[in-house]
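Biologist: I would like to learn how to read a model of this kind, one feature at a time. Could we put the sequence and the structure in front of us before we begin?

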Amino acid sequence: MKRIFSGVQPTGNLHLGNYLGAIRNWVRLQDDYEDCIFCVVDLHAITVWQDPAALTKATREVAAAFIAAGINPEKAVLFNQSQVPAHAQLAWVFNCVARMGWLNRMTQFKEKAGKNRENVSVGLYAYPNLMAADILAYKATHVPVGEDQKQHLELTRDIAIKFNNDFGKEVFPITEPLIFGEGTRVMSLRDGTKKMSKSDPSDYSRITLVDDADAIAQKIRKAKTDPEPLPETVEGLEGRPEAANLINIYAALSDRTRAEVMGEMGGKAFSEFKTLLTDLAVSVLAPMTTRMNELLADQAELDAILRRGAERANEIASPILDEVYDAVGFLRP
Ligand code: TYM
């Protein structure tokens, strides 16, 4: 049986990378896979300090963004992680399965912790185990994500393999990552060698799902470029990270390949291309922002959607957790 699971952290506004690298792909998969589970991962968010009121607000915003982007909460299971206890329960078991050496190799932890390792939370270190628990609590077989999550998904596979071996039972599937489309790695608008991220101090580095048309236009106008016009071919983008990033964004937003976009845009001045990119970005993002705001205006309904989603998620995860507890040998009445 095929089952999709994926999640997004409620830590500030979602950006174009989250949309093009992940959420937009989920919307498509929803039609091909019967069984889709999408989660606002609030337990992950608190691995770094979150203001409580801001966390609640961001959780609703991310849920609204999922629906505004086209996730159908009647079909897919949509909820926030902390409402389903199996995530934290299974994460503890995985803390005891994963090896320190595995976690020591996680590049995202190294980047986030920086030189300050003594002072980051234990949760930040154990984060990938919780992520494995998210996926495996549902025995998910496919996980659509952006490229930056690849290493975490390899760890998820290692944990599944070790658990199955340790306890001599094929409890967990070996999950496949789904990383596809032209938007798997959207880069900063200020530096084409850095990933677009929520934590970049510059607002001009990212387009968010709450930016209005003026903000989008301004950010694209200010986006870093180089002095040459666009090259004629995809190969000409080599060594020009900012040009390559803007072309990738255009391709992803218009649902075409880079080669197709270069056929049309090759040789154009950046000023002209940026105007076309702005029009495209606004035409895709503006309806989503409007829909998000409508959803956020009815908080009770949004909360009810998440509660119903959590109940459905719980029904799937509970028997799987029982199976895990039995395999481990935990006594249950
Ligand atoms: P998060 O919240 O950082 O990002 C959510 C999704 O957006 C993708 N993404 C990007 N894609 C392309 N370009 C970018 N610049 C970019 N930035 C982010 C991410 O790859 C991700 O798919 N650990 C995860 C959340 C998580 C999860 C899970 C994901 C927790 N449990 C289980 C899948 C399955 C994270 O921090 O994503």
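Biologist: Which residue of β2 does Phe-5 stand opposite?

Modeller: Please keep in mind throughout that this is a predicted model. Phe-5 has Ile-37 of β2 as its opposite number, and a little further along Gly-7 stands opposite Cys-39. These positions belong to a pairing in which 5 bridges join β1, residues 4-8, to β2, residues 36-40, and the two strands run parallel.

Biologist: How does the chain get from β1 to β2, and what is the handedness of the crossover?

Modeller: The chain leaves β1, passes through helix α1, residues 16-32, and arrives at β2, and this β-α-β crossover is right-handed.

Biologist: Which strand is joined to β2 by 4 bridges?

Modeller: That is β3, residues 77-80, and β2 and β3 run parallel. Cys-39, the residue that Gly-7 faces in β2, stands opposite Phe-79 in β3.

Biologist: When I look at the two faces of a strand, are the residues of β1 buried or exposed?

Modeller: In β1, Ile-4, Ser-6 and Val-8 point one way while Phe-5 and Gly-7 point the other way, and all of them are buried. The strand β2 gives a similar reading, since Cys-36, Phe-38 and Val-40 on one side and Ile-37 and Cys-39 on the other are all buried.

Biologist: Turning to the ligand, which residues around it come nearest?

Modeller: There are 27 residues around the ligand, and of these Gly-17, Gly-21, Ala-22, Val-145 and Gly-146 come nearest. By class, the shell is made up of 10 nonpolar, 13 polar and 4 charged residues, and β1, α1 and α7, which covers 122-136, each supply at least two residues of it.

Biologist: What does UniProt list for residues 10-18?

Modeller: An unreviewed UniProt entry lists residues 10-18 as a short sequence motif, the 'HIGH' region. In the model, this span is 33% helix and 0% strand, and its end C-alpha atoms lie 11 Å apart.

Biologist: Which residue is covered by the annotation "binding site"?

Modeller: In the unreviewed UniProt entry, that annotation covers Asp-134, a residue that lies in helix α7. Asp-134 counts as buried because it has 27 C-beta neighbours inside 10 Å, where 20 or more are needed.

Biologist: How should I judge a whole helix, for instance whether the span of α10 agrees with its number of residues?

Modeller: One general idea is that an α-helix has 3.6 residues a turn, so residues three or four places apart point the same way. For length, the 14 residues of α10, residues 241-254, should span 20 Å at 1.5 Å a residue, and the end C-alpha atoms are 20 Å apart, which agrees. As for burial, 11 of the 14 residues of α10 are buried, so this helix is largely enclosed by the rest of the structure; among them are Glu-242, Asn-245, Ile-249 and Leu-253.

Biologist: Where is Thr-278 placed, and how many other C-beta atoms does Thr-278 have within 10 Å?

Modeller: Thr-278 sits in helix α12, residues 270-297. With 18 other C-beta atoms within 10 Å, Thr-278 is partly exposed, because that class lies between the limits of 12 or fewer for exposed and 20 or more for buried. The C-alpha atoms of Thr-278 and Glu-242 are separated by 16 Å, the two residues being 36 residues apart along the chain.

How values were computed. Residues are numbered from 1 along each chain as its sequence is written. This is a predicted model: local features need pLDDT of at least 70, side-chain atom pairs count only at pLDDT 80 or more; totals for chains, interfaces and linings use all residues. Two strands pair if DSSP finds at least two bridges between them. A crossover is right-handed if, with the strands pointing away from the viewer, the path from the first strand over the helix to the second runs clockwise. A residue is near a molecule or strand if its C-beta atom, placed from the backbone, lies within 6 Å of it. Ala, Val, Leu, Ile, Met, Phe, Trp, Tyr, Cys and Pro count as nonpolar, Asp, Glu, Lys and Arg as charged, and the others, Gly among them, as polar. UniProt positions are given in the numbering used here, feature names are shortened, and annotations may be inferred rather than shown by experiment. The expected span of a helix is 1.5 Å times one less than its number of residues.
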